[in-house]
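Q: I have a new model open here. Can you walk me through it?

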Amino acid sequence: MIGRISRTTAALVVFVLSVFPVYWMVLTAFKPTKDIQSATPTFLPVPITFDHFGTAIAAKGFFSFWRNSLLVAGGAVLLALLVALLAAFAIARLQWKGRRAFVLMVFVAQMTPWEALLIPIYVIARDTGMLDTLWILTLVYFMMTLPFTIVTLRGFLAAIPADLEEAALVDGCTREQAFRKIVFPLLAPGLLATSLFGFITAWNEFAFANVLIIKDQDDRTLPVWLSSFNNTFGTDWGATMAASTLFMLPVLLIFIVLQGRVTTGIVGGAVKG
Amino acid sequence: MTLLAERPVQETAPAPPKRRKRPVLPYLLIAPTLLTTAYLLVYPLVRNVIISLQEFGLPQLVRGDAKFVGLANYVKVLSDPEFWAVVRRTLWFTAINVVLIMVLSTLVALLLVRLGKWLRFLVMGGLVLTWATPIIAATTVFQWLFQSRLGVVNWALVALGFEEYRDYTWFADGEATFGILVTLIVWQSIPFAALSLYAAMITVPQELYEAARMDGAGAWRVFSTITFPMLRAMFGLITCLEVIWVVKAFVQIWVISQGGPGQATTTLPVYAFQVAQSLQRYDLGAAVSMLMVLLLVLALLAYFRQLYRQEREA
């Protein structure tokens, strides 16, 4: 009995500690300014106001930052899917010399400390005239998500029995037809999960966006804009929290869509390879 | 699988007269990956090494006529006491974070195993929500939580009777900022570690626990003689990953404190960036980041060893 009560208490403490910051963010976003500034904070969402969301959306450049983030993350994910699908097929389905070495390379690439490459990539972007363009960000995010995409797609591909494909080949399909008609439909959920996960990585990235887009402020992405909220909103915490909430929303939706698959995907990807 | 691979492929190898030709298809398929990795990953890394061996400041960046100076940048960095202070701080920061992450995650995972269906669902939902929170959103919220005048943390501390926290400015004090960054990183890292450990723990056969309990073993003894030894590889793997992630943590620190106040929260990646960005000494910054890579390679080698061990055990 005592054990049960203490377990329940511990569970509630863990729950409150993990949820509170996010709850506080959303609560502040919906709180009237006078309640935000009152000496005793309120912990329940009454009364509600949408003013702060209005302020955030009306902020200069809000929609272009939103569009930039979508473009960069979407472009990077599409590129990564395309390139990774080819490589994953080669690893999961074909036997060739150098396969093990290639897999090892992908694993090493996955652990790249990108933080250490800020300087050379800044210099390269400057030399090639790609500084202050969304192209360079798209390329960097593509490379950041590529190894993970290969590893995960390989896992999904390996889960589809090769017998199915062989049967199709025996029935006279070309290898390309067999892939398109048999493997691809089975792979689609895996493709979706993988791409959404890559999308989150690109959507959240800050360090490179902060360094590579300097002159043209309209080309910034949402994370950089959010980090400079002090310049945008001053001390308007309501608007700042509303902007954070809007920024988090797509990520949260993706997590809900991928519920369950996220954990197994990452752990499986990291361990099984 | 072998059968499929050895079948002659019609559309890519147009009926070669010789039967035993090496297949081209796999190499065509991995070519895009190899090319992009070479240009976007290997080349920047090599470029970083080159810059670290040159005199490379703002003039060289503009004119592009950097000269090689050998190991001068490394000598300069390694003989700078400030660099060693940063290294010590990075190791300290990593140790505190990783120990907290591993201990708390293990406790949360052990708790999850013992919870009923509904409470487990609730706690896991909370963890996933934390996991889903973007780093930038989390840093922004933590700045708001610890805000001096209206922050809820100060209000709670005052309400609990700690009058000295009224209007306390956390971000003006080095140790307080350091503490907030540790809290933030631990908070963000627990979901991955706890959920992974939980997923591993439920694979341990239940009979082992029952047998141990029959023999009168307490909770600590069960953990130290069954759970931990069975999952040693998994614990090693996650510890290595956390070490790597904490050492290279940049965004949280940069956004919250830019390494300050003073140098109180300057770790290696922040230091490399400061040197390059504010002093415009790209050469020294590159040298510092190469030294950081070296440190990470050590952690990485340990990680791959664990990965190999796990693969063999699985």
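Q: Where is confidence lowest in chain B, and where highest?
A: This is a predicted model, where local features need pLDDT of at least 70 and side-chain atom pairs count only at pLDDT 80 or more, while totals for chains, interfaces and linings use all residues. Helix H1 (residues 2-6) of chain B is lowest, at a mean of 41. Helix H5 (residues 81-114) of chain B is highest, at 95. The score is pLDDT, the predictor's confidence in each residue, from 0 to 100. Helices are DSSP runs (H or I, at least four residues), numbered from the N terminus.

Q: How is the numbering set up?
A: Residues count from 1 along each chain as its sequence is written, and chains are lettered from A and ligands numbered from 1 in the order in which they are written.

Q: Which residues of chain B stay under 50?
A: Residues 1-16 of chain B do. The model has 23 contacts for them beyond four places in sequence. A contact means C-beta atoms, placed from the backbone, within 7 Å.

Q: How should I treat places where pLDDT is low?
A: Predicted coordinates there should not be read in detail.

Q: What are the mean values per chain?
A: Chain B has a mean pLDDT of 87, with 92% of its residues at 70 or more. Chain A has a mean of 86, with 93% at 70 or more. In chain A, residues 262-273 are below 50. The model scores ipTM 0.85 and pTM 0.86.

Q: New topic. How many residues does each chain bring to the contact?
A: Chain B brings 73 and chain A brings 69. On the chain B side, helix H2 (residues 25-52) gives the most, with 15 residues. That side has 55 nonpolar, 14 polar and four charged residues. Nonpolar means Ala, Val, Leu, Ile, Met, Phe, Trp, Tyr, Cys and Pro; charged means Asp, Glu, Lys and Arg; the others, Gly among them, are polar.

Q: Inside chain A, how do H4 and H9 cross?
A: The axes of H4 (residues 62-93) and H9 (residues 175-204) of chain A come within 9 Å and cross at roughly 135°. Axes are lines fitted to C-alpha atoms, for helices over the stretch in contact, with angles from 0 to 180 degrees between N-to-C directions.

Q: Which residues meet there?
A: Among them, Ser69(A), Val72(A) and Ala73(A) in H4(A) meet residues including Leu191(A), Ser195(A) and Trp203(A) in H9(A). The residues of this contact are 10 nonpolar, three polar and no charged.

Terms used:
Helix = DSSP H or I, 4+ residues; strand = E, 2+ residues; numbered from the N terminus. Contact = placed C-beta atoms within 7 Å.
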